[in-house]
Amino acid sequence: MPLSWFQMAVQLFVTCLVDSFFPEVGEATVDVLESAGETVEFPADQTCCGQPAYNVGLRDDARKMAAHTLDVLDATDGPIVLPSGSCTDMIVHHIPELMAGDPRRAAQAERVAGRTRELSQFLVDDLGLETVGPGCGDCSVAYHPSCHGLRNLNLRTQAESLLDHTEGVQRVELPDAENCCGFGGLFSVEMPEVSVAMMETKLKNVEASGAAILVGGDVSCLMHLGGGLHRNDSAVTVKHFAEILAGRLDNAHDD
Amino acid sequence: MTIEPVTFLGRVKRDRESGVVIPVSEAARRMSAYRVAASVDFPLMEEMRDRAREVRLHTLANLDKYLAQFASQVEANGGQVHWAADGDEANAIIRQIADDNDVRTVVKSKSMVTEEIDLNESLEAAGLSIVETDLGEFIVQLSGDKPSHIIAPVLHKTRYDIGELFAAKLDRGFSTDPAELTQMAREHLRREFLTADMGISGCNMAIADTGTVVLVTNEGNGRLTTTAPRIHVTVMGMERIVPTFGDASAVLEVLARAGTGQRLSVYTNFVSGSRRHGDPDGPDAFHVVILDNGRSRTLGGQEAEILACIRCGACLNICPVYREVGGHAYGFTYPGPIGAVVTPSLKGLDEWHELPYASTLCGACVEACPVRIDIPKMLLTLRSRAATDGHLPGWLTFAIGRYATAATHPRQFRLLLKAGGVVGSMMARDGWISKAPSHGANWTGARDLPQPAKQPFHARWKARHGA
């Protein structure tokens, strides 16, 4: 990471889904970054990066949201950190593509993309940390690597390694871990039959792993899998890895 | 080859209910594992993937030149070249060749391109008898079915299904032993090879500088199809070209490894024309039908790179959607991720706009593809055109449009989240919504939805840190 970042605050882009459905994951992310010695700032006017619109093909809508996101983030300095692989992928790869036709926006997109990191990537690759935070005490977890982080950001080991270095965390192998869970953004409501079939395949593996907690790095996939586990009356719960690191297992969701 | 019913989800429902998806899923998993094992066993795999990709992209960038070179080489070798703009033209050309040569019986080796143009139906309508000689295709033909995978056409059938089929149609005893079943087909097919007037093959690659057609098979039926009958016709998509033997060898290094996990398929045939003076066997005449059928339009568009595909099937095997829905759900000759791009780009989005959405964009296909085709990127460009052409459901376009407006007006956005929290708390019980209205029911049909937070993150931040 650039040397100048050592003196700069981290800009938290919390993502619209964390903001609206999982604020406790945002708080855990702040805890984790602060445990890592970072000062965290939250650009107040942030909204959505535009990924939902981009993925269904509504590129004009996506471009509008992306432009807003760029304006908000480009007005800050230092690293931009997200508790999501797929929104990071959107900012790092897809927003620059979307803006390629407009030289001013393209330059802005490149600047912002260059500063943007997914949380585990920032902690492990930039800060060089083995792990952070108090951890959850004794807990048995399985890790599902969400696809965009895994394949588009090459996050193959970062979150797993943070978990493995956290005292009390027993990570068990998730069979077929790299198989997509079937969320797929709006795919989950456009093709619910297929999305749910894929979810059930994933959940069979989750149950087979024996873990008490299914951990991931994207609340979107966790919302889908957690919703399936809850509907199936499973004892398994879902958590973002930031919640495990921050020791926030009883995170109140709706207070 | 179009498959009813007309909607993707309609076909998914039918095939999941009938159970044909189960063997597909298991076999696809196995084939993926074979591919991975073959790559581990071959230290040069990544390098050869790059090399094969280079060959394919270089060829596409110079396709006109290499096609012309291939055609003149075939002619120099004594063969005849026919150019077909679409399936009807190709079928008419082949019927004409049959007619000119008093052909009554035809044997075929496996060819997806002839499925694409419904060649069998066309020839049968002209009174010809056609026999598929690839074991899988033979089973498909015997059962009046359609292939569900580009290299393993009967992935959706079990050996019990095939045992019953052979007992009924070949008048043989019932068996579920693969070796016995293969022997039954073999004995039946041998007679067909020896009496057929014409052999029709596909084409895995066409080598430009020698005018050679490369056929990759595991059963030897390709060899018999191209040598035993009097006439040999190869049907090829115009993108099958590679410049040289060396280039063909680069593709062969990755083709079988990616497809079946074999180092090389059992038979690799190089066909460079009809029987020459002194040859003990071979056909009297060799014809090549080069098919466009939408390919030159694809070549000029945003999905041109899909033409680099070498038809190994690796993307089908790894695809988590394909594994849950099987091949017929994709509705046309080419299923899986490759089909989700090829079908709409060859045949247009008007009829096929659902297919680019039949994916979570997980990217497993790019990772598996021996020539590293970025399928998700093409699904996204196709989606963008589908949306522009008005193929998205109205509610979705409306909802995204409103969300985009809110997301560009932060105060509105914060109000929206607050409203979501209020509405959510009315609908939720113990933090979960189990029955959402309207299109939300698509979510809550089989999944609970967590209650939206009464106090979103930005409000919590503000409460703690001030504005």
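The exercises below, each with a worked solution, deal with domains, interfaces and side-chain pairs in a predicted model.

**Exercise 1. Describe how chain A is divided and how its two domains meet.**

Step 1. The domain assignment splits chain A into domain 1, which covers 3-126, and domain 2, which covers 139-245. Taken over C-alpha atoms, the centres of domain 1 of chain A and domain 2 of chain A are 22 Å apart.

Step 2. For the contact itself, 27 residues of domain 1 of chain A meet 20 residues of domain 2 of chain A, and the two domains bury about 1900 Å² between them, with 73% of that area on carbon and sulfur atoms.

Step 3. Between domain 1 of chain A and domain 2 of chain A there are 0 salt bridges, whereas 6 residue pairs are in polar contact across this interface, counting pairs with both residues at pLDDT 80 or more.

Step 4. On the side of domain 1 of chain A that touches domain 2 of chain A, at least two residues each come from α1 (16-20), α2 (23-35), α3 (51-56), α5 (85-98) and α7 (119-126) of chain A. The most is given by α7(A), with 6 residues, and the residues of this side comprise 13 nonpolar, 10 polar and 4 charged.

**Exercise 2. Characterise the interface of chain B and chain A by its residues, its buried area and its polar pairs.**

Step 1. The contact involves 65 residues from chain B and 71 residues from chain A. The two chains bury about 5900 Å² between them, 62% of which lies on carbon and sulfur atoms. Within chain B, the residues that lose the most area to chain A are B:R447, B:F457 and B:R460, which together account for 13% of what that side buries.

Step 2. Between chain B and chain A the count is 7 salt bridges. One of them joins B:D448 to A:R231, with the closest N and O atoms 2.7 Å apart; this pair satisfies the criterion because the cut-off is 4 Å. The polar contacts between chain B and chain A number 28 residue pairs, again with both residues at pLDDT 80 or more.

Step 3. The side of chain B that touches chain A receives the most from helix α20 (residues 394-407) of chain B, which gives 9 residues. By class, the residues of that side are 34 nonpolar, 18 polar and 13 charged.

**Exercise 3. Classify the aromatic pair of A:F183 and B:W443, and locate its two residues.**

Step 1. Over all chains the count comes to 12 aromatic pairs. For A:F183 and B:W443 the rings are 6.2 Å apart, centre to centre, with 70° between the planes.

Step 2. Planes over 60 degrees apart count as edge-to-face, and the pair of A:F183 and B:W443 is therefore edge-to-face.

Step 3. The pair crosses between chains: A:F183 sits in the loop between β6 (169-172) and α10 (187-190) of chain A, and B:W443 belongs to helix α22 (residues 441-444) of chain B.

**Exercise 4. Describe the domain assignment of chain B and trace the salt bridge of B:R372 and B:D50.**

Step 1. Chain B is assigned domain 1 (8-296) and domain 2 (394-465), whose centres, taken over C-alpha atoms, are separated by 52 Å.

Step 2. The structure holds 37 salt bridges over all chains, including the one in which the side chains of B:R372 and B:D50 meet at 2.8 Å, N to O.

Step 3. This pair links distant parts of the chain, 322 residues apart, with B:R372 in the loop between α18 (364-368) and α19 (375-388) of chain B and B:D50 in helix α3 (residues 45-61) of chain B.

Notes. Residues numbered from 1 in each chain as written. Chains lettered and ligands numbered in written order. Heavy atoms only, no water. Domains from an automatic or database assignment. Contact = heavy atoms within 4.5 Å. Buried area = accessible area lost by both parts, 1.4 Å probe. Polar contact = N/O pair within 3.5 Å; in protein donor to acceptor, adjacent residues only side chain to side chain. Helix = DSSP H or I, 4+ residues; strand = E, 2+ residues; numbered from the N terminus. Nonpolar A, V, L, I, M, F, W, Y, C, P; charged D, E, K, R; others polar. Phe/Tyr/Trp six-rings, centres within 6.5 Å; stacked < 30°, edge-to-face > 60°.
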